[in-house]
Every structure is written in C-alpha cells, then in structure tokens.
Amino acid sequence: MGDPTYFSVIGGANPHTRNILGMRKRVDAGRARRQWHSLARALVARGVEVCVVEPHEGLSGLVYPANAGFLYPLTFAEIGAAPVPARKVFYLAKLLPSRAAEREVYRPFIGAMGYETVDIQTRFEGEADFFPAGRFTIFTYGRVERQRFVPRLGLPPWRRLYGFRSPIEALDELVGIVGGREVLALELCLEAHYHGDTVLCPFGPRREFILAYMEGLTAPSRERLIGAFGRNVIPLSQHDAELYAANSFQVEHDRRLYLFMPEGVSDQLLGEIRTRSVLPVLTDVSEFLAKGGGSIKCMILDLGPASEQPGDPAAVKFRAERSYQRLFDANPQ
C-alpha cells in the first residue's frame, strides 16, 4: 500500500477527480488518512502482510499502487497446465504521463522486496487491467485519449475527455509473458470505470466467481464474459457499481475467505457473496473514490501469498522495515 501523506488531486485525470465545472476537487487529507489506516489495520487483522511504499511529494498516485504493474505468476497454483517459471517476476507498468515518474519509485521498492523487475514497453496500467480469474487471465482495454476539454452543447459548454488507460496494443506483449495461460480480452466502455478492476472482481477459492458491471463492457465483451464464466457471473446494480463494488479485494485467513468491499453496497450483493462461502468485510474508503477515482483494490498491490515471498535475508529485512506495524503506531492519527 502507498503512504497517503501526499494524497491530493493534482492532474485530475479521471471523471471522479473533477466537479461538474471541470475544476479539480480538494481532498480532505485528515479523513483520507483515517480511512487508509482503517483499511490497513483491517487487512493486518486478517493475516495480511502490509508493506508501505514511502510517500513522495507531487506523486499523489502512489496511494493507488495496483497500477504499478503485476507479478507473474501471482501464485504458482494459477499456472495450471502452463510451464512453471523458475521464479516470479514483477512487470512494471508504463503509466499515463502524469504518473510516469512513479515507475522509478516502484522499481527499487519491488526489487528490495526480492523480485526481479522488467519494464512493460506498451502503455499499460498493471494489475488494474490484467488479473487472474478462474482459468483465465483477464485483460481489459479501451481507447487511450489525449486528456483534454472539448466543446459540447449544454451547460457547461465543455466536457472533459478522459479515455482509458490500457490499449489493445498491449495484448501481444502480455500474452507473451503468461505463456500458455489463456487471456480473456474485454473492452471497457465507460470512462468513470476506466480500469478493469472497477468493472470486474474475481473471487472464490479459485477466483471462479466474478462480480461484473455489465454496462461497463461493450456488448461483444459481455458475451465473451458470459461465455467464459456462465452462471458464475454476478451482475452488479448501478448502485453497487458506482460505489466501485468491483474494486474489492479477497484475502484468505485461517482457511476462510474474506472479500474487502466498500461500505454502502447493497444487502442483496452481500447475500450473493455470503452464499458463495466468502465473508464480506466493509470498509469506508469514500474519500479515495470521490476525489481520486480509486477504491479498495486500487489501494492494494497484490504480491501473492506470504508462503511464496522471496526468502533471502535482505528481502525479509526490507519487508519487516516497511511493514505497517513497524511504521505506524497502534492508533495512527
């Protein structure tokens, strides 16, 4: 997770960051810090090892490290019939220009965690758009635009054009990385849901179930999703989708599965989760969604199970030094 000290709206690069007049929103820094610590403590309480990326003034996007890249394989179990690589490698994302400097923060941090890093050459935003789900790895994409204001009829007489983050051109490079594992490519169509992890959330023992905001996908992609997952697709209502219910994060602790979800999701959705033997954990991260356009999963970079972390002494020491418990008091302000 990324230290929230400098969380603010600098670039205003997604529809959540600006008001109806196109002006950048102002973050309530105290509220954001309280919400961030609450999420981190809830994760730690359920056995998660939380390591914290140091803050850098001017790089507010570091609070959303899911965009940093992706680890492959995330778990050795996900390989299935594909050839098992000798080691895990972290692939650093090529972020949009306003966040490009983050790569040189993540590179030494991930390296110190014990992983080799490799740069992705194509524009691409990490596990926010590329993640395991059942027997697939899902890749979500959309048209990348030069972000700008364009004229329109109505008030105000302009609108902000945002576009998406990972273009279809990244697909070949990503397929080459995961080898024989099948990649399911799905096209996004709503700018407010500009990453795949705001539209889709795999969960369950094998990530075989998937929360899906169907309206966030093009019609052909909806058909491909249903063809791949069938009755395991759980459509999200507009209410739940706008709360970024798809931006939830699953952990396993003491042989139980927990799905961290944003506060305010519907009782019906919570029932759907529970009937699949997964326990919802509700967390308020509204400041990060309303001002920054990210929720729970955006705030977490997943490096897989503790049992598969690099065991060399330098990496173990670094993880201990950057652990949430080491860095923060029991009652952070």
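Does I177 count as buried or exposed, and at what relative accessibility? Good morning, colleagues. I177 counts as buried, because its relative accessibility is 18% and buried means under 20%. I shall return to this residue after an overview of the chain. Please bear in mind throughout that this is a predicted model.

Let me begin with the protein chain as a whole. Its secondary structure consists of nine helices and 14 strands. The chain has 333 residues, and a compact globule of that length would have a radius of gyration near 20 Å; the value here is 19 Å, so the two agree. The C-alpha trace extends about 60 × 45 × 40 Å along its principal axes.

Of the 333 residues, 55% are buried. If we take the contacts between residues at least 6 apart in sequence, 69% of them join residues at least 24 apart. The accessible surface is about 14,900 Å², and carbon and sulfur atoms account for 52% of that area. As for charge, there are 40 positive and 38 negative side chains, and the centres of these two sets are 3 Å apart.

I now turn to helix α1, which runs over residues 29–45. Its 17 residues, at 1.5 Å a residue, should span 24 Å, and the end C-alpha atoms are indeed 24 Å apart, so expectation and model agree. Which residues of this helix are buried? They are A32, Q35, W36, H37, L39, A40, A42 and L43. What do these buried residues pack against? Their partners are the strands β12 (249–253), β13 (256–262) and β14 (278–283), together with the helices α7 (286–292) and α9 (324–327). Just after α1 comes G47, where phi is positive, at about 85°.

One residue of α1 may serve as an example. Q35 has its place in this helix, and it counts as buried because its relative accessibility is 5%. Not counting residues up to four places away in sequence, Q35 touches D284, V285, S286, E287 and F288.

Two of the partners of α1, the strands β12 and β13, bring us to the loop between them. D254 lies in that loop, and R255 is found there too. D254 is not a glycine, yet its phi is positive, at about 50°. R255 is likewise a residue other than glycine with a positive phi, near 65°. Are these two residues buried or exposed? D254 is exposed, with a relative accessible area of 64%. R255 counts as exposed as well, at 84% relative accessibility.

Another partner, helix α9, leads to R322, which is placed in the loop between α8 (313–321) and α9. At 18% relative accessibility, R322 counts as buried. Leaving aside neighbours within four places in sequence, R322 is in contact with V50, C51, V52, V53, E54, F109 and L327. How far apart in space are R322 and M113? Although 209 residues separate them in sequence, their C-alpha atoms are 9.6 Å apart.

I return, as promised, to I177. This residue is found in helix α3, residues 171–178. Beyond its neighbours within four places in sequence, I177 is in contact with F70, Y72, Y91 and I120. I177 and P73 are 104 residues apart in sequence, while the distance between their C-alpha atoms is 9.6 Å.

P73 itself deserves a remark. It is placed in the loop between β1 (69–72) and β2 (89–92). The peptide bond leading from Y72 to P73 is cis, with omega near -5°. Y72 thus appears twice in this account: as a contact of I177 and as the residue preceding that cis bond.

My final example is E145, in the loop between β5 (136–141) and β6 (148–151). Its relative accessibility is 21%, and E145 therefore counts as partly exposed. Which residues does E145 touch, not counting those up to four places away in sequence? They are L161, Y162 and G163. Y162 is 17 residues from E145 along the chain, and the C-alpha atoms of the two are separated by 6.4 Å.

To close, I would ask you to keep two features in mind as you examine the structure. The first is the packing of the buried residues of α1 against β12, β13, β14, α7 and α9. The second is the cis peptide bond from Y72 to P73. Thank you for your attention.

Methods:
Residues are numbered from 1 along each chain as its sequence is written. This is a predicted model: local features need pLDDT of at least 70, side-chain atom pairs count only at pLDDT 80 or more; totals for chains, interfaces and linings use all residues. Side-chain values use heavy atoms; hydrogens and water are left out. Helices (H or I, at least four residues) and strands (E, at least two) are DSSP runs, numbered from the N terminus. The radius of gyration is taken over C-alpha atoms; the globule rule is 2.2 Å times the number of residues to the power 0.38. Buried means under 20% relative accessible area, exposed over 50%, partly exposed in between (1.4 Å probe, protein chains only). Contact means heavy atoms within 4.5 Å. Accessible areas come from the Shrake-Rupley method with a 1.4 Å probe; for residues, only the protein chains shown count as cover. Lys and Arg count as positive and Asp and Glu as negative; His and the chain ends are not counted. The place of a charge is taken as NZ of Lys, CZ of Arg, CG of Asp or CD of Glu. The expected span of a helix is 1.5 Å times one less than its number of residues.
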